[in-house]
Amino acid sequence: MAGKKLGFDTLKVRAGYDSSEHNYAVAVPIYQTASYDLGSVERGEKLFGMEEAGYLYTRIGNPTVSVLEQRLAALDHGSGAVAVASGMAAVTYALLNLAEGGGRIVTTPQLYGGTFDAIKHLFPKFGIHVDFVEDSDDPESFRQAIGPDTKAVLIESISNPNATVLDIEAIAAVAHDNGLPLVVDNTFGTPYLFDSFAHGADIIIYSATKAIGGHGTTIGGVIVENGEFDWSNGKFPHFEQPQYLLREQSTGRERSILEVFPEAPFTTRARLSYLAYFGASLSPFDAFLLLQGIETLSERITKQISNALRIVDYLQNNDKVSWVSHPAAEGNPYKALAEKYFPKGASSIFSFGFKGNEEQLKAFLNAVELFSYHANVGDARSLIINSPKTTHGELNAEEQALAGISPETIRLSIGLEDAEDLIDDLEQAFAKAFVGTLV
Ligand SMILES: Cc1ncc(COP(=O)(O)O)c(C=O)c1O
């Protein structure tokens with residue numbers, strides 16, 4: 001099979017793992033070790049001098065975690081990946097790796113609440129500032145927000161919670177015109193639904209906690225790169241700076257990350273700087289659980305999308321619902337973009353407007369029996385949540401309005417149950433919420 005381009009479903013169960021390197025174990029073994037024998041003083045010198053590839057300490061690298069990294073890099077056709085302990089660690093390390101030392105990030109307000117809050121309120125305390133575009137649907141608005149200190153453009157492939165889709169290629173072109181990388185948080189898209197690099201992304205971020213793990217068991221995050229961005233364009237001197245850590249052992253000459261790791265400079269730098277010293281490393285056991293999830297990624301997502309379409313249909317014909325925000329919903333403004341970027345379907349996570357008062361909304365959420373009321377998405381089980389008070393509760397009213405989140409928003413993440421049962425559950429919950437009232 002050498003030289004054959006393997007398909008997604010083959011890669012998702014095979015990529016990054018060669019059993020002959022692991023005692024012929026068929027399943028990926030869990031290397032539950034903090035550290036590794038150096039073997040000899042000579043080998044230790046080579047490992048620490050980065051002359052020989054190998055494992056030193058699990059904070060920086062672990063064989064089980066490496067399989068996860070290589071598998072995601074393969075699924076996205078990337079050149080390198082680094083796994084970390086959460087999606088937020090992936091967001092943070094990626095953005096610090098770009099904008100450290102006072103850079104700015106251009107982004108849209110339509111982001112996961114934690115990302116929004118972190119970059120708006122926490123990052124400035126570390127000298128990194130954010131510029132929100134005025135109109136996320138207009139790629140030119142991104143151009144207007146870019147300034148001399150901008151280091152990256154950040155978007156989500158499908159936004160949380162309203163499943164909006166931006167014109168990703170046009171935004172990538174604006175970023176590239178300005179010598180900037182496009183960072184795509186593809187958590188909702190997953191590598192199965194959205195081919196980020198083919199549409200102009202330079203860096204991909206995942207909260208692996210969601211559909212990648214897929215079973216609500218594990219917190220994790222991954223950063224993937226394709227090794228094609230020109231980090232020597234003058235905007236990223238930290239990639240060009242010679243470092244003592246990367247010195248040539250024979251001569252002592254200091255070298256830059258670009259010189260030593262030209263194939264994957266971004267994720268290697270994230271590993272050697274941020275993972276090594278800020279330390280949010282993924283445990284080998286959690287990497288194993290995430291790998292188990294990836295093995296069924298496309299099967300799960302396909303069923304979840306078909307379930308989601310049934311529920312979109314049910315909701316948009318329901319007089320207790322004021323709107324449904326999913327690209328497949330009637331009149332949705334993102335339909336054409338979703339068809340272009342998400343040919344297999346645009347997510348099983350979306351929102352709808354509850355047509356009732358606050359008490360009725362509470363009664364509705366308390367009445368669901370199959371849907372789990374909790375803050376996660378991409379689980380095998382269907383989930384429901386009132387985003388304005390929970391996942392996006394950090395945003396004040398003005399910020400929520402900017403992010404397109406109105407008080408009546410309810411987010412659904414559709415799982416693998418029978419669609420009829422899910423619809424029956426919503427139906428009985430609506431009936432309980434509106435008992436004795438006429439809508
Ligand atoms: C789009 C997106 N990015 C990042 C995160 C953060 O991920 P984690 O919860 O794994 O830290 C989330 C979490 O909900 C998310 O939805």
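## Exercises: a ligand site and an open sheet

In this predicted model, the ligand sits in the second largest pocket. Let's work through that site, then move on to a sheet.

**Exercise 1.** Find which residues come nearest to the ligand, and sort the shell around the ligand by class.

*Solution.* Start with the neighbours: 13 residues surround the ligand, and Gly87, Met88, Asp185, Ser207 and Thr209 come nearest. Next, sort the shell: three residues are nonpolar, seven are polar and three are charged.

**Exercise 2.** Look for side-chain polar contacts with oxygen atoms of the ligand at Ser207, Thr209 and Lys210, using a cut-off of 3.5 Å between N or O atoms.

*Solution.* Take the residues in turn. For Ser207, a side-chain N or O atom is 2.8 Å from a ligand oxygen. For Thr209, the distance from a polar side-chain atom to an oxygen of the ligand is 2.6 Å. For Lys210, a side-chain N or O atom lies 3.0 Å from a ligand oxygen. Finally, consider cover: on its own the ligand has 400 Å² of accessible area, and the protein covers 91% of this.

**Exercise 3.** Work out which strands stand at the edges of the open five-stranded sheet, and why one side of each is left without a neighbour.

*Solution.* First, write down the order, S8-S9-S12-S11-S10, in which the pairing is mixed. Now read off the ends: S8 (321-325) and S10 (372-373) each have a single partner strand, so one side of each lacks a neighbour in the sheet. Then zoom in on S10, which pairs with S11 (residues 383-385) in the parallel sense over two bridges. Within S11, Ile384 is the bridge partner of Tyr373.

Conventions: Residues numbered from 1 in each chain as written. Predicted model: local features only at pLDDT ≥ 70, side-chain atom pairs only at ≥ 80, totals over all residues. Heavy atoms only, no water. Near = heavy atom within 4 Å. Polar contact = N/O pair within 3.5 Å; in protein donor to acceptor, adjacent residues only side chain to side chain. Areas by Shrake-Rupley, 256 points an atom, 1.4 Å probe, with all protein chains shown as cover. 1 Å grid on protein atoms, 1.4 Å probe; cavity = no way out; pocket = protein on both sides within 12 Å on 5 of 7 lines; lining within 4 Å. Sits in = over half its atoms within 2 Å of the grid points. Nonpolar A, V, L, I, M, F, W, Y, C, P; charged D, E, K, R; others polar. Pairing = 2+ DSSP bridges. Helix = DSSP H or I, 4+ residues; strand = E, 2+ residues; numbered from the N terminus.
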